[in-house]
Amino acid sequence: MLASEFYDPQVEWQTSREDPDAATHRGREAVRRYFDQWLESFEGLHADVDECIDASNDRVFTWVRWTGRGRESGIDTEWWLAIVSTLRGGRILRVEEYFDRAEGLEAAGLSE
């Protein structure tokens, strides 16, 4: 199964509103282009899932540590991202990113 097959054809990926390039990417192709931008920007881009919670109502909360080296700057970087996914028919329909873990938990209907 290709990674794009995990996504509903109508997938929407909402980046964090604090992101300088905040946007909503709609459809599998747009989400793929979004990922490609990250892969082009960071050498050795890697994601480690620290926490994954089934929030019910077809929602999943994940807390992810990202690492990579900026291709232009050469600087090693690390950041954390809360990702709230909504599923439909076993596929990811919507993704919302949050830089703040508590905000992501709240969006998923959870609390600390």
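Which residues line the second largest pocket? Thr15, Asp19, Pro20, Asp21, His25, Tyr34, Gln37, Trp38, Ser41 and Phe42 do; View 6 returns to them.

This is a predicted model, in which local features need pLDDT of at least 70 and side-chain atom pairs count only at pLDDT 80 or more, while totals for chains, interfaces and linings use all residues. Residues are numbered from 1 along each chain as its sequence is written, and side-chain values use heavy atoms, with hydrogens and water left out.

**View 1. A salt bridge joins arginine 88 and aspartate 8.**
A salt bridge is a side-chain nitrogen of Lys or Arg within 4 Å of a carboxyl oxygen of Asp or Glu. By this rule the model has 14 salt bridges. In the pair shown, the closest N and O atoms are 2.9 Å apart. Arginine 88 sits in strand 5 (residues 76–88) and aspartate 8 in strand 1 (residues 7–14), so the pair links distant parts of the chain, 80 residues apart. Helices (H or I, at least four residues) and strands (E, at least two) are DSSP runs, numbered from the N terminus. Aspartate 8 is buried, at 7% relative accessible area. Arginine 88 is partly exposed, at 42%. Buried means under 20% relative accessible area, exposed over 50%, and partly exposed in between (1.4 Å probe, protein chains only).

**View 2. Glutamate 103 forms a salt bridge with arginine 17.**
The closest N and O atoms of this pair are 2.7 Å apart. Glutamate 103 lies in helix 2 (residues 101–107). Arginine 17 lies in the loop between strand 1 and strand 2 (24–26). The pair therefore ties together parts that are 86 residues apart in sequence. Arginine 17 counts as exposed, with 63% relative accessibility.

**View 3. Arginine 94 and glutamate 96 belong to a salt-bridge network.**
Arginine 94 forms a salt bridge with glutamate 96, with 3.9 Å between the closest N and O atoms. Shared partners join Glu12, Arg26, Arg59, Arg94 and Glu96 into one network. Glutamate 96 is buried, with a relative accessible area of 12%. Arginine 94 is partly exposed, with a value of 26%.

**View 4. Aromatic rings form a cluster.**
Rings of Phe, Tyr and Trp (its six-membered ring) pair if their centres lie within 6.5 Å; planes under 30 degrees apart count as stacked, over 60 as edge-to-face and the rest as tilted. The whole structure holds eleven aromatic pairs. Tyrosine 7 and tryptophan 13 have ring centres 6.3 Å apart and planes at 55°, so this pair is tilted. Both residues are buried. Tryptophan 38 and tryptophan 79 have ring centres 5.4 Å apart and planes at 25°, so this pair is stacked. Tryptophan 38 lies in helix 1 (residues 28–41) and tryptophan 79 in strand 5, so the stacked pair ties together parts 41 residues apart in sequence. Tryptophan 38 is partly exposed, at 25% relative accessibility. Tryptophan 79 is buried, at 16%. One aromatic cluster is made of Tyr7, Trp13, Tyr34, Phe35, Trp38, Phe42, Trp66 and Trp79.

**View 5. Strand 3 and strand 4 form a hairpin.**
Two strands pair if DSSP finds at least two bridges between them. Strand 3 (residues 42–56) and strand 4 (residues 59–70) pair in the antiparallel sense over eleven bridges. Aspartate 48 has arginine 65, in strand 4, as its bridge partner. Two residues lie between the strands of the hairpin. There, asparagine 57 takes a positive phi near 50°.

**View 6. Two pockets are compared by lining.**On a 1 Å grid over the protein atoms alone, a pocket is an open set of points where a 1.4 Å probe fits, with protein on both sides within 12 Å along at least five of seven lines; lining residues have an atom within 4 Å of a point. Grid points are joined across faces, edges and corners, and a volume is the space filled by probe spheres set on the points.

The largest pocket has a volume of about 600 Å³. Its lining counts 26 residues, with Trp13, Phe35, Val64, Trp66 and Ile83 nearest the centre. Strand 1, helix 1, strand 3, strand 4, strand 5 and strand 6 (91–98) each give two or more residues to this lining. Strand 5 gives the largest share, five residues. By class, the lining has 20 nonpolar, three polar and three charged residues. Ala, Val, Leu, Ile, Met, Phe, Trp, Tyr, Cys and Pro count as nonpolar, Asp, Glu, Lys and Arg as charged, and the others, Gly among them, as polar.

The second largest pocket has a volume of about 220 Å³. Helix 1 gives the largest share of its lining, four residues. This lining divides into four nonpolar, four polar and two charged residues.
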